[in-house]
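Okay everyone, thanks for coming. I'll put the structure up, and then we'll walk through a few parts of it together.

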Amino acid sequence: MSIQHRWRRSVTAALAAGLVCMLSLQIAPRGVQAQAHRAGGGTLIIDFIADFSSLDTARCYDTQCYPFMHAMYDQLVGYDTEHGTGLNLIPDAAAAMPRITNGGRTFTFKLRQDVRFWNGRLATADDWVYSFERVLDPKTQAGAASFWQGIVGAKEFIAGKAKHVSGIKAIGKFGLRIDLVDPDPTFLYVLAMPFGSVVDRNQIQKYGKSYALQHPMGTGPYMFKDYKIGQRLTLVKNPHYFGGNVGHVDAIEADIGVSTETAYLRILKNQADLDGDFPTPIPPSEFNNVLSDPVLGKRVVRQVQIATQYIAMNVLVKPFDNLLVRRAVEYAINKPLLVRLVNGRGQATDTFLPPLMPGYGHFNLYPYNPAKAKQLLAQAGYPNGFSTTFYSDNSSDDPRISQAIVQQLAGIGIKAALKVLPSPTMFTYWGTKGKVPISWTAWYQDFPDPNDFFEPILSCASAVPGTFNEPWYCNPKVDAFAHKLKIMTDRAARLRLYPQLDRMMMEDAPVVPVFNSVFYALPSSKLTKFFISASPWTLVFQDYVKAA
Amino acid sequence: MLRYVIRRLLWMLLVLLGISLITYALTYLMPGDPARRIAGVGASADVVRSIRHQLGLDRPLWVQYTTYMGNLLHGDFGYSYLQQVSVLPLILARFPVTAQLAVGGLLVELLIGLPTGIIAAYKRGSIFDRVATLVSLAGLSAPPFWLGLILLFFLAFTIPLFPIGGYGDPAIRYMILPCFTLGVGGAAVYTRTFRSTILDVLDQPYIRMARAKGLSEPVILFRHVIPNAILPIVTQIGIDLGYFLGGVFIIEQAYGLPGIGKQAVDAIGQLDIPIILGTVLFAALLIVISNIVIDLSYALIDPRIRY
């Protein structure tokens, strides 16, 4: 998944500039004193710039709505966010992890018998069947349907040739069986996504389109209380949650329309607890000041993400169809310099798989060497370089980083004109054959399985119009190896082979991995327990503690 | 008068039709695929195609436009692509915030601008006149987003007189700073305009006659000067009100106000075309109506004007 790229108008950059002018007068408060607080209860307040794109479990697909889905709904399995790396799956609404049979194609779940919707109705296997079919129903317009199409009967259901998905069956009241066409070791992770939540059919049929935003019905530890679109979403603790007294805060409130700079001021005054707008919840102009502040610096929380920011080179567009040219670009990029440009909010990388991704293995095929880059360009027939257009979207730090990359490319003779466009436009351009020769982009995990960093964006199946394979990369040999790894049922053996796949892909050099994102957040002084999860949830509200 | 009103209303319909056509064409000519935006980057091309079909975006543009206009005639502004809620209630839910900001901002413009303009005209060339000119220039030059941040920092953060942005109860507490920020720049325009028109009126023979008759200055001001000098101000009020009611994005963004301006800009970023179209048409309707009302008010202010 790519983090939702929020389109910030130039006025937002101007807002930041205004804050720089103001705070350069050294009137920003320093050394805010910490106070002792009593733990427990309270309302967790999170600020956001933009409104939620969706609160429908079947359509929520960005970092803003994910943690709210996790608080309001349950999936069959979830992440053990409080232990270890936070990436291990544990049972949630399932009584235990599933029995996996039939060569990894069949998942049989025993469901908990005490999972109830907020209205008290018991969630049974039929509700789970309905919920999963709803994701696949074209009328739901769920982007996540892609992840579910490997279920037996899914394609026929989507095409309208079947009334139900034959591969999803209720076994009695509390048993569920899912059959896949091919073995898929990533499927449990798919079930842990918000799309895998159980929803109340009666509520959806009663309220139709207004269900998700005004009348949601979940089973989670926090219940929907109120949502004023564009203003505030409020959740309150579910006193009847099957998991017991999960969640320390009594309520969760999302305040909408708060700029990063205003959220920062509110957090300093403890009027808000967090800014939820990753990757830059701390205003860039204040980032270094906050980190060096003796009090604020101690509160800052840091977490490396399972994400890679990279340069994509379109293998179908001259001269990037030439392997020597692509390798020249690999050698030309000074990655630590780019990380410094974003105040260290990244970790330079040489591999496409991030270090926290299971299956990661380090190698460095292209250490920084501009002289070698020029030599390769000459070998490729471009001794004086060439002209091209470098594309970037206009969110967050992307334009600045792209500008620096363009300068580095100029150092080896590649004269790139920079084109900065809104994210929705970039999505279309990337999916248009031959449109974007070279660009700056990123990929964030959908789940912590290495196949997620290959199949959606670097496979032959994804090199079609409309998808997100920015380099339009397709190597049948690499593809076959990736498919072989994907369906291996021995997880340990499978993960040992992924560095080899990463290396095979990097030898073709369709991408230049530059850095892995690092999220920093400044919580309020009242938030006595806070962390950023490495899991796709990012924020885990039910685990945070707020002092009174 | 009735024929004039009917004629203006018919022109209004034509204007709105033209705006709807241009806006519809522009939003669909914008590069970007709303179906991809809804599906997310991880979705396959098949799923994106399916969503495009569900939304009717694979139909010819003229079919989509005529369907949209047909629904519009029934009061149906469509559904937000992303949030799947009806557009008109979304706009109406946010409109009161924008209306409060618009009316409040206008009041600040008038309360500062008009008295200052009068005094500057009567004391032409004095220190007050020169200071008023300077302050007007400063008000016009200060970027609203910068002024908003300054006010937030000093009057909400450093000295907690007001909330640090946002909107809530009582609304007036949240609206004072935004209205002041919006109004203080425009007040400069009213100051300069009113000063200029009053000076013109003060030079007229009927004012000399009124003084010769022995009328006091306050009576001359309110009975003769202001009614004759106010028309350009009324025109400016109409322009400002229409513009403000369409949503002042910069102020709404700076203060985190959930108005229709911010909603429209967010919708543009998310390619939520029904909201973009709905907001543009709603704002256009308000601007046209406010202009009609202002034009009709001329006849009330100046008896020489007849339609």
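Let's start with a question: in what sense do strand S1 and strand S10 of chain A pair, and over how many bridges? One thing before I answer: this is a predicted model. Right, so strand S1, residues 43-48, and strand S10, residues 251-256, both of chain A, pair in the parallel sense, over 6 bridges. If you want one spot to look at, find A:Leu44, whose bridge partner in S10(A) is A:Ile252. As background, strands of a sheet pair through backbone hydrogen bonds, either parallel or antiparallel.

Now zoom out a bit. Those two strands belong to an open sheet of 5 strands in chain A, and the order is S8-S9-S10-S1-S11, with mixed pairing. At the edges sit strand S8 (222-228) and strand S11 (274-275) of chain A, and each of them pairs on one side only.

Staying in chain A, have a look at helix H3, residues 125-136. We can do a quick check on it: at 1.5 Å a residue, its 12 residues should span 16 Å, and the end C-alpha atoms are 17 Å apart, so that agrees. Is this helix enclosed or out in the open? Well, 10 of the 12 residues of H3(A) are buried, so it's largely enclosed by the rest of the structure. Among the buried ones are A:Trp128, A:Tyr130 and A:Phe132, and also A:Asp127 and A:Glu133. And what do the buried residues pack against? They pack against helix H4 (145-148), helix H5 (154-158), strand S6 (168-170), strand S7 (175-179) and helix H7 (201-207) of chain A.

Okay, over to chain B. This one has 14 helices and 0 strands. Its C-alpha trace spans about 85 × 60 × 30 Å along the principal axes. Of its 307 residues, 42% count as buried. And if you take contacts in chain B between residues at least 6 apart in sequence, 72% of them join residues at least 24 apart.

Here's a helix pair to find on the screen: H5 (residues 87-122) and H13 (residues 260-270) of chain B. Their axes come within 8 Å and cross at roughly 130°. That makes H5(B) oblique to H13(B). From H5(B), the contact uses B:Ile91, B:Arg94, B:Phe95 and B:Thr98, and from H13(B) it uses B:Ile260, B:Gly261 and B:Gln263. By class, that's 3 nonpolar, 3 polar and 1 charged residues.

Just before that long stretch, let's pick out one residue, B:Ser80, in the loop between helix H4 (61-73) and H5 of chain B. Buried or exposed? B:Ser80 is buried, because 25 other C-beta atoms lie within 10 Å, and 20 or more is what counts as buried. Leaving aside neighbours within four places in sequence, B:Ser80 touches residues including B:Leu90, B:Asp272 and B:Pro274.

Last bit: where the two chains meet. How many residues does each chain put into the contact? It's 50 from chain B and 53 from chain A. On the chain B side, H2 (34-39), H3 (45-54), H5, H7 (144-158), H12 (249-255) and H13 each supply at least two residues. H7(B) gives the most, with 7 residues. By class, the side of chain B that touches chain A has 29 nonpolar, 15 polar and 6 charged residues.

That's my tour, so over to you.

Notes:
Residues are numbered from 1 along each chain as its sequence is written. Chains are lettered from A and ligands numbered from 1 in the order in which they are written. This is a predicted model: local features need pLDDT of at least 70, side-chain atom pairs count only at pLDDT 80 or more; totals for chains, interfaces and linings use all residues. Axes are lines fitted to C-alpha atoms, for helices over the stretch in contact, and angles run from 0 to 180 degrees between N-to-C directions. Helices (H or I, at least four residues) and strands (E, at least two) are DSSP runs, numbered from the N terminus. Angles under 35 degrees count as roughly parallel, over 145 as roughly antiparallel, 65 to 115 as roughly perpendicular and the rest as oblique. Two residues are in contact if their C-beta atoms, placed from the backbone, lie within 7 Å. Ala, Val, Leu, Ile, Met, Phe, Trp, Tyr, Cys and Pro count as nonpolar, Asp, Glu, Lys and Arg as charged, and the others, Gly among them, as polar. Two strands pair if DSSP finds at least two bridges between them. The expected span of a helix is 1.5 Å times one less than its number of residues.
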